[in-house]
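This report covers the salt bridges, core and cavity of a single chain. The sequence and structure come first.

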Amino acid sequence: MRHHPPALWCLVAGAWITSALHGTALAAAPEALVRALEQRRCERCQLQDADLVQADLREARLRGAQLQRANLSGARLDGADLRGANLSDTSLAGASLRGADLRGSLLIGTDLRDCDLSGALLDPA
C-alpha cells in the first residue's frame, strides 16, 4: 500500500488552501507563502496542486507562478498579473479574471468553463 503525504491547510485570501507535503514551497515555508498570498504578492510561487477554491486574489501579482493542477474554481482574479504563469491542467471554472494579464501563460488543459475573461490580456492566437 502506497503512503500518501499529509496535507497542509491554511486559510488564505478567504479560502482554505491545501497542498500535499512533497517539496512544494507551501510545505517548505508555509508562513512565508501565506504572507505572500495575503499581500497578493506571490511572483514565481510554487502552488502546484493547491486548492484555492473561491480565493480572493484580485490584483494579485502572480507573475511566473507555478499553478499546475491547482483548483482555482470560483476564484476572483480580477486585474491579476499572471504573465508567464503555468496554469496547465488548472481549474478556473467559474472564476473571474476580468482585466487579468495572462500574456505568456501556459493554459494547456486548463478548465475555463464559465470563466469571465472580459478585458483580459491574452496572447494572440
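## A salt bridge between R83 and D101

In this predicted model, the side chains of R83 and D101 form a salt bridge, with an N to O distance of 3.6 Å. Both R83 and D101 lie in the segment after α2, and 18 residues separate them in sequence, so the pair ties together parts that are apart along the chain. D101 counts as buried because its relative accessible area is 9%, under the 20% cut-off. R83 has a relative accessibility of 26% and is therefore classed as partly exposed.

## The network around D81

R83 has a second partner: its side chain also meets that of D81 in a salt bridge, at 2.6 Å from N to O. Like R83 and D101, which belong to the segment after α2, D81 is found in the segment after α2. D81 is buried, since its relative accessible area is 13% and the limit for buried is under 20%. A network of salt bridges links D81, R83, D101 and R103.

Which residues does D81 touch, if those up to four places away in sequence are not counted? They are A60, R61, L62, R63 and D101. D101 is thus a contact of D81 as well as a member of the salt-bridge network with D81. L62, another of the residues that D81 touches, also appears in the lining of the largest cavity.

## Other salt bridges

Side chains of opposite charge can pair when their charged atoms come close. The count of salt bridges in this model comes to eight. One of them joins the side chains of R69 and D49, with 2.8 Å between N and O. This pair links distant parts of the chain: R69 and D49 are 20 residues apart, each in the segment after α2, the helix that spans 30-38.

Are R69 and D49 buried, partly exposed or exposed? R69 is partly exposed because its relative accessible area is 46%, and the range for that class ends at 50%. D49, at 29% relative accessibility, also counts as partly exposed.

## Nonpolar core

The largest nonpolar core contains 25 residues. Those with the most contacts inside this core are L67, L72, L77, L82 and L97. L67 is in contact with L47, Q48, L52, L72, L82, N86, L87 and T90, leaving aside its neighbours within four places in sequence. L72 and L82, which L67 contacts, are themselves among the core residues with the most contacts.

## Cavity

How many cavities of 30 Å³ or more does a search of the whole structure find? The search finds one. The volume of the largest cavity is about 50 Å³. Its lining consists of L47, L52, L57, L62, L67, L72, L77, L82, L87 and L92. By class, the lining has 10 nonpolar residues, no polar ones and no charged ones.

The lining includes L67, L72, L77 and L82, which are among the residues with the most contacts inside the largest nonpolar core. L47, L52 and L87 also line the cavity, and L67 is in contact with each of these three.

## Chain as a whole

The chain has two helices and two strands, in the order β-β-α-α along the sequence. Of its 125 residues, 46% count as buried. Among contacts with a separation of 6 or more, 9% are between residues 24 or more positions apart.

Terms used:
Residues are numbered from 1 along each chain as its sequence is written. This is a predicted model: local features need pLDDT of at least 70, side-chain atom pairs count only at pLDDT 80 or more; totals for chains, interfaces and linings use all residues. Side-chain values use heavy atoms; hydrogens and water are left out. On a 1 Å grid over the protein atoms alone, a cavity is a set of points where a 1.4 Å probe fits but cannot get out, and a pocket is an open set with protein on both sides within 12 Å along at least five of seven lines; lining residues have an atom within 4 Å of a point. Grid points are joined across faces, edges and corners, and a volume is the space filled by probe spheres set on the points. Ala, Val, Leu, Ile, Met, Phe, Trp, Tyr, Cys and Pro count as nonpolar, Asp, Glu, Lys and Arg as charged, and the others, Gly among them, as polar. A salt bridge is a side-chain nitrogen of Lys or Arg within 4 Å of a carboxyl oxygen of Asp or Glu. Helices (H or I, at least four residues) and strands (E, at least two) are DSSP runs, numbered from the N terminus. Buried means under 20% relative accessible area, exposed over 50%, partly exposed in between (1.4 Å probe, protein chains only). Contact means heavy atoms within 4.5 Å. A nonpolar core is a set of buried Ala, Val, Leu, Ile, Met, Phe, Trp, Tyr and Cys residues joined through side-chain atoms within 4.5 Å.
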